[in-house]
Amino acid sequence: MKTVGFVGLGIMGQPMALNLVWSGTPLVVWNRTLGRCLPVEAAGAHVASNVGEVFARCETVLVMLADEPAIDDVLGCRTSAFDDLVRRHTVVQMGTVSPAYSQWLAERVTEAGGCYVEAPVSGSRSPAEAGELVAMLAGAPDDCAHVREVVAPMCAAVFDCGTPPNALLTKFAVNLYMICMVTGLAEAYHFAESHGLDQALLDRILDAGPMASAVSRVKSAKLAHEDFDVQAGLADVHKNTGLITRAARTRGIASPMLDACHALYGEAVALGHPTEDMAAVIHAIRARTVAA
C-alpha cells in the first residue's frame, strides 16, 4: 500500500487520520498545531516537518483544513510554488468550502499537472471516530476510484457525485436537512423546558419514536443534560449555513428554514458559544424568549 498524506488534524481530521493508521495505511501527517499530530504519531504515522515533506513522500494527499484561507495559506495556492507542490499528485480536498472555490482549486491543480478530487464528508466527531462517515466524491472517474479505496477505512459509505462541485453541493443539501433538524430539536427542548417538562423523559420519548436517528439521539442527550462538548462546532455550522445560503442565492433558490437557522447560529456565536456543539443553538432561542 502506498503512503498517503494527511494535512489538517482538527476535530474531524484527527480521528479520520487515526482510522487510516489503524487500518494499516502508511500515513504522513502535518498540522499547524503540532500537538494535534501526537496521537496519530503514537498510532504509527510519520509527522512531517512541513507540508512540502508530505507531498514529497506521498502521491495522494488528503486535505482537511478549516476554510479557504487556511487552504490557501498551507498549500500556497496563490503562489508560484503551488505548481511544483501538486504536480503529479492527487489532491483530495475534504473540507467544506464554497463550490466556486473548489472549482477554482480543481483548475489550479489540473493546470499544474496534478489530479483533484472533491471529497467532503457527512458526519460529526463521533462518526469520524467510529469510521462511519459518508463521503461524497467528485472528479475524474479513475481518480475517484483510487480515492474511494483510500478513504474507505474512514467511511461507512462512499458515493460518486460526478464532477466538482457536485460533491460539495450534495453535502450542502445533506447539511441543510441536518441543520434544520437539529435546530428544530433545540426549539422543542426549549418549549419543553419553558413548560417545566421533564427533559430526560422527553429524551426517552423521542428516542422511542419514529423520528429517532443517530443524530437525534446524540443531540437530544446533549440538550437534556446541557452537555455542549463539541461534536459539530457551532461556529463551523454557522459558517456552513452561510455557504449553503450563498449557494442557494446563486440559483435564486428560496431557503426560508435555512435562513432562520443561519440567523440563530449567528446569534448563538455572538452570545459567546462558538466552540460549543451546534446543539448550543438553544442559547439563541432562549435569548429570543427573554427578549420577547
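**Close-ups of two pockets**

**View 1. What the largest pocket is made of.** Sorted by class, the lining of the largest pocket holds 20 nonpolar, 15 polar and eight charged residues. (Nonpolar here is Ala, Val, Leu, Ile, Met, Phe, Trp, Tyr, Cys and Pro; charged is Asp, Glu, Lys and Arg; the others, Gly among them, are polar.) Keep in mind that this is a predicted model, with local features needing pLDDT of at least 70 and side-chain atom pairs pLDDT 80 or more, while totals for chains, interfaces and linings use all residues. Numbering runs from 1 along each chain as its sequence is written, and side-chain values use heavy atoms, leaving out hydrogens and water.

**View 2. The middle of the largest pocket.** Of its 43 lining residues, Met12, Gly123, Ser124, Gln231 and Ala232 sit nearest the centre. A pocket is an open set of points on a 1 Å grid over the protein atoms alone, where a 1.4 Å probe fits, with protein on both sides within 12 Å along at least five of seven lines; lining residues have an atom within 4 Å of a point. Because domain 1 (4–162) and domain 2 (169–291) both contribute to the lining, the largest pocket lies between them. Those bounds come from an automatic or database domain assignment.

**View 3. The second largest pocket.** Here the residues closest to the centre are Leu169, Phe172, Ala247, Ala248 and Thr250, out of 19 that line the second largest pocket. Its lining splits into 14 nonpolar, three polar and two charged residues. Each of domain 1 and domain 2 puts in at least three residues.
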